[in-house]
Amino acid sequence: MTTSITPVSVEIHPQLTDPLLPELLHPSRLLWTPRELTELTTTVTTELTAGLRGILRFDEDRRWWARLALTDGVELWLLSWLPGQYTKPHDHGGASGSFTVLQGELGEEYRYPGGPIRRRTHVAGQGLGFGAGRAHQVTGLGDRPSASVHAYSPPLVATREYATLADVPPEIPPLPAIVRS
């Protein structure tokens, strides 16, 4: 009897050469919990700081970002924020997520379907995981540049933007089927 093994897809940013990152990605894990995503973003910001700073860029005209890694179960991003730069209100299409602040300070307004709009401030070293359906708007605060590491599972799920967080529907539609070849 012959057993076939499907190769696991792993992409890593070419400037991230630390051997710890492939270990952190658990390529065979197809769905990550918010807690697992938070552990990933927190570990990446604390253990791979030098590599992240070598990639990090700031752009006065628009927010900057770079994908750090992608597997069949998770995608990992580095984002930069100059003071006052922000996202539009959005959700992550039903994916769970996490972000950990690498440097600086971020403001976040967020809402779960049917819930109130809330506000939080996140400072360097703080990580947060969230489940599917959470919508938010993130803004660079303070007077110095900020950066954060974000992770989403499942990966490659399109975000949905809203005019305001008040426009988040009471129920988020289910995730579409993800087909990979």
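## The five-stranded sheet

Two strands count as paired here if DSSP finds at least two bridges between them. Going by that rule, this predicted model has an open sheet of five strands, in the order β7-β6-β9-β4-β11, with antiparallel pairing. The edges belong to β7 (118-123) and β11 (160-161); each has a single partner strand, so one side of each is left without a neighbour in the sheet. In general, strands of a sheet pair through backbone hydrogen bonds, and they can do that either parallel or antiparallel.

## Around β9

Let's look at β9 (135-140), which sits between β6 and β4 in the strand order. With β6 (residues 105-111), β9 makes an antiparallel pairing over six bridges. Two of the matched positions are easy to find on screen: R111 has A135 as its bridge partner, and E109 has Q137.

With β4 (residues 90-91), β9 again pairs in the antiparallel sense, this time over two bridges. Which residue of β9 is the bridge partner of D91? That is A135, a residue already mentioned as the bridge partner of R111. As for exposure, β9 is mostly covered, with five of its six residues buried.

## β5 and its partners

Now for β5 (residues 96-103). All eight of its eight residues are buried, so this strand is largely enclosed by the rest of the structure. On the β10 side, seven bridges hold the two strands together in an antiparallel run, and S96 has S153 of β10 as its bridge partner.

β5 also runs antiparallel to β8, joined by four bridges. Here G97 stands opposite F130 of β8. Another residue to pick out in β8 (residues 127-130) is L128. Is L128 buried or exposed? Its relative accessibility is 10%, and buried means under 20%, so L128 counts as buried. Measuring from C-alpha to C-alpha, L128 and S96 are 11 Å apart in space, while 32 residues separate them in sequence.

## The largest pocket

Rolling a probe the size of a water molecule over the atoms shows where empty space is left. The largest pocket in this model has a volume of about 470 Å³. Its lining is made up of 20 residues, and R63, H90, H92, Y152 and T159 are the ones that lie nearest the centre.

Where does the lining come from? Strands β3 (75-81), β9 (135-140) and β10 (146-153) each supply at least two residues. The largest share is the four residues from β3. Two of these strands have come up already: β9 pairs with β6, and β10 is joined to β5. Sorted by class, the lining has 10 nonpolar, six polar and four charged residues.

## Rings and charges

What does a search of the whole structure find in the way of aromatic pairs? The count is zero. There are, however, arginines placed over rings. R62 lies over the face of W65, and the distance to the ring centre is 5.0 Å. In another case, the charged end of R134 sits over the ring of Y110, 4.0 Å from its centre.

Key:
Residues numbered from 1 in each chain as written. Predicted model: local features only at pLDDT ≥ 70, side-chain atom pairs only at ≥ 80, totals over all residues. Heavy atoms only, no water. 1 Å grid on protein atoms, 1.4 Å probe; cavity = no way out; pocket = protein on both sides within 12 Å on 5 of 7 lines; lining within 4 Å. Points joined across faces, edges and corners; volume = space filled by probe spheres on them. Nonpolar A, V, L, I, M, F, W, Y, C, P; charged D, E, K, R; others polar. Phe/Tyr/Trp six-rings, centres within 6.5 Å; stacked < 30°, edge-to-face > 60°. Lys NZ or Arg CZ within 6 Å of the ring centre and 35° of its normal. Buried < 20%, exposed > 50% of the residue type's maximum accessible area, 1.4 Å probe, protein only.
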